[in-house]
Amino acid sequence: EKQFSSKYKKNWRYPEQVKRKLEAAENIIINAVSLMDIANFPPFHFERLKGTRKNEWSIRVGNTGYRVTMIPCNDDEEEIVEGDILAKCRIIKIVKITEVSNHYE
């Protein structure tokens with residue numbers, strides 16, 4: 001939460017452009033009706049990670065090189081790690097942010 005939530009932005013150590021784009025991404029995610037809104041927003045390039053992080057998904061933070069990784073959750077805030085997540089996008093309303101990172105570092 002401290003990496004992504006704008007209520008902690010005074011402590012963020014990101015470049016200014018990344019801070020602005022993270023706030024915009026946070027607003028879009030908060031106002032999304034379901035994960036489908038996030039998946040269908042082209043600038044995010046919503047995609048599943050691979051390897052040991054195969055249960056996580058990511059969105060890009062503009063063209064900054066940063067990304068936000070997340071895990072879809074059910075209404076009880078339990079992680080959804082099995083099945084076809086994209087097929088369930090319309091009913092997934094909660095995500096758990098796991099990391100904000102510079103993808104190229």
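Where is the place of H45? H45 sits in the loop between α2 and β1 (47-48), and it appears in the first of the close-up views below, all taken from a predicted model.

**View 1. Two residues with positive phi, H45 and E77.** Welcome to the loops. H45 has a phi near 50°, a positive value in a residue other than glycine. Its relative accessibility is 41%, so H45 counts as partly exposed. E77 is the other residue of this view, with a positive phi of about 65° although E77 is not a glycine. The loop that holds E77 runs between β3 and α3 (85-88). With 61% relative accessibility, E77 counts as exposed.

**View 2. Helix α1 and its two faces.** Let us check the geometry of this helix before turning to its side chains. Helix α1 covers residues 16-31, and at 1.5 Å a residue its 16 residues should span 22 Å. The end C-alpha atoms are 23 Å apart, which agrees with that expectation. The buried residues of α1 are V18, K19, L22, A25, E26 and I29. Seen down the helix axis, these buried residues fall within an arc of 125°, so they line one face of α1. What do they pack against? Their partners are α2 (35-39), β2 (57-60), β3 (66-73) and β4 (94-102). On the face of α1 turned away from the buried side, look for the exposed residues E16, R20 and N31.

**View 3. A salt bridge within α1, K19 with E16.** Staying with α1, this view picks out a charged pair. The side chains of K19 and E16 meet in a salt bridge, at 3.3 Å from N to O. Both residues belong to helix α1 and lie 3 residues apart, about one turn of the helix. K19 has a relative accessible area of 18%, and it is buried because the cut-off is under 20%. E16, by contrast, is among the exposed residues of α1.

**View 4. Salt bridges elsewhere in the model.** Side chains of opposite charge can pair when their charged atoms come close. How many salt bridges does the count come to? The count comes to 6 salt bridges. One of the pairs is K7 with E1, whose closest N and O atoms are 3.1 Å apart. K7 is exposed, with a relative accessible area of 59%, and E1 is exposed too, at 57%. Another pair joins K96 to E79, with the closest N and O atoms 2.2 Å apart. K96 lies in strand β4 and E79 in the loop between β3 and α3, so this pair ties together parts that are 17 residues apart in sequence. Both partners count as partly exposed, K96 at 39% relative accessibility and E79 at 38%. Also worth a look is the network of salt bridges that links R53, E56 and E99.

**View 5. The largest nonpolar core.** In soluble globular proteins, nonpolar side chains tend to be buried together. Here the largest nonpolar core has 24 residues, and those with the most contacts inside it are L22, I38, I59 and V68. At least two residues of this core come from each of α1, α2, β2 and β3. The largest share, 4 residues, is supplied by α1. If you would like to zoom in on I59, its contacts beyond four places in sequence are A25, I29, I38, F44, F46, Y66, R67, V68 and M70.

**View 6. S58 in strand β2.** S58 is a residue of strand β2. Buried or exposed, where does S58 stand? With a relative accessible area of 1%, S58 is buried. Leaving aside neighbours within four places in sequence, S58 is in contact with F44, H45, F46, E47, L49, R67, V68 and T69. H45, the loop residue of View 1, is thus one of the contacts of S58.

**View 7. Two cysteines without a disulfide.** How many disulfides does a search of the whole structure find? The search finds 0 disulfides. The sulfur of C73 is 13 Å from the closest cysteine sulfur, in C89, too far for a bond. C89 is likewise in no disulfide, its nearest cysteine sulfur being that of C73. Each of these cysteines is buried: C73 has a relative accessible area of 2%, and C89 one of 1%.

Conventions
Residues numbered from 1 in each chain as written. Predicted model: local features only at pLDDT ≥ 70, side-chain atom pairs only at ≥ 80, totals over all residues. Heavy atoms only, no water. Expected span 1.5 Å × (residues − 1). Buried < 20%, exposed > 50% of the residue type's maximum accessible area, 1.4 Å probe, protein only. Arc of directions from axis to C-beta. Contact = heavy atoms within 4.5 Å. Salt bridge = Lys/Arg side-chain N within 4 Å of Asp/Glu carboxyl O. Core = buried A, V, L, I, M, F, W, Y, C linked by side-chain atoms within 4.5 Å. Disulfide = S-S within 2.5 Å.
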